[in-house]
Amino acid sequence: MILQISDLKVYFNSPDGLVKAVDGISFELKRGETLALVGESGCGKSVTALTIMGLVKCPPAKVEGSIKLDGKELVGLPDEEYRKIRGKRISMIFQEPIASFDPLYTIGKQMMEVAMTHLDVDEDEAKRICIEMLKKVHIPLAEKRFDEYPHEMSGGMLQRIMIAIALLTNPDIVIADEPTTALDVTIQAQILNLLKELQQMYNMSVIFITHDFGVVAEVADRVHVMYAGKIVEKASVKELFKDPKHPYTKGLLHSRVKKEYKGKLLPFIPGNVPLATNLPDGCRFHPRCAYAMDICKKKLPPEVNLNGSSVACWLYAGRDAR
């Protein structure tokens, strides 16, 4: 395992009370695999990613639990040591490419800053590496684009360049936070194909954050479904689509747009994700769940293992987990 996360909690103090953005999640990431984190907005996916990257400031946040990279504990690591890991061994692709670049500097200057910080090379070598990486992500006229500014690029090109920056240091892990959200369907497909191509080339591990099950089916090996700061289901992609266990997972899959829904009211999960400052007692999904029982309103369900997958739901608690 390249990454091991155990009982991770990320809390924030706010005027409205304690925000439990991530509340005791555990998972592992294997070398060379793609793990998808899925859920609605506000479930804690991006906070999880930012915490792994060491981009959540403490204070105001309070981080508890364990994040181990190749056995090295990252929680509590001094900022100076974390900077040697962030961008070098763990990189991140953000969801809004235009907001991730400084408009005052050329693409090349922003890429070279990463290369010279982590690769111990001079300017000439850094430029050569950056242009070579632009070519690998299929940027046409790479030498010309190197000297251009972000506003001169399309959204798809900026996303490719962001991927290039993330891969400059040949990282062990790349976290992709909804990298295709702001792109049209054709460009989305190109970006997903590019990520798969580069993952095979570099044998890197990927954490892919999304709410789109079409993307999950395309890129992921395993899926973890998050809801209100908790992981409620873990499964392989094949198992999740074939036999989803948790009522929330079933609701998400049922809410996908399908041909047979044309001209009809689209199915949806009633209600909203609860505020992280006002989480319900018991199972956090019970106010929206059609299968809720009395115990669901009183106690958090345990994680139940079911033939390689797992689910945190009282419908399965007590079953034979062999």
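**Close-up views of a predicted model**

**View 1. The second largest pocket encloses about 350 Å³ of space.** Lining it are 20 residues, and those closest to its centre are Gly24, Lys230, Ile231, Pro301 and Ala312. A pocket is found on a 1 Å grid over the protein atoms alone: an open set of points where a 1.4 Å probe fits, with protein on both sides within 12 Å along at least five of seven lines; lining residues have an atom within 4 Å of a point. Grid points are joined across faces, edges and corners, and the volume is the space filled by probe spheres set on the points. This is a predicted model, in which local features need pLDDT of at least 70, side-chain atom pairs count only at pLDDT 80 or more, and totals for chains, interfaces and linings use all residues. Residues are numbered from 1 along each chain as its sequence is written, and side-chain values use heavy atoms, leaving out hydrogens and water.

**View 2. Strands line the second largest pocket.** At least two lining residues come from each of β2 (17-29), β10 (230-236) and β12 (309-312). β10 gives the largest share, five residues. Helices (H or I, at least four residues) and strands (E, at least two) are DSSP runs, numbered from the N terminus. By class, the lining has 11 nonpolar, four polar and five charged residues. Ala, Val, Leu, Ile, Met, Phe, Trp, Tyr, Cys and Pro count as nonpolar, Asp, Glu, Lys and Arg as charged, and the others, Gly among them, as polar.

**View 3. The largest pocket holds about 650 Å³ of space.** Its lining has 18 residues; Phe94, Ser100, Gln110, Val114 and Ile165 are the closest to its centre. Two or more lining residues come from each of β6 (90-93), α3 (107-118) and α6 (155-167). The largest share, five residues, belongs to α3. Nine lining residues are nonpolar, six polar and three charged.

**View 4. Four strands make an open antiparallel sheet.** The order is β2-β1-β4-β5. β2 and β5 (72-73) are the edges; each has a single partner strand, so one side of each lacks a neighbour in the sheet. Strands β1 (residues 3-14) and β4 (residues 61-69) are joined by eight bridges. Pairing requires at least two DSSP bridges between two strands. Phe12 lies opposite Ala61 in β4.

**View 5. Confidence varies between elements.** The chain has a mean pLDDT of 90, with 97% of its residues at 70 or more. pLDDT is the predictor's confidence in each residue, from 0 to 100. Among the elements, helix α7 (residues 185-202) has the lowest mean, 85, and β10 the highest, 97.
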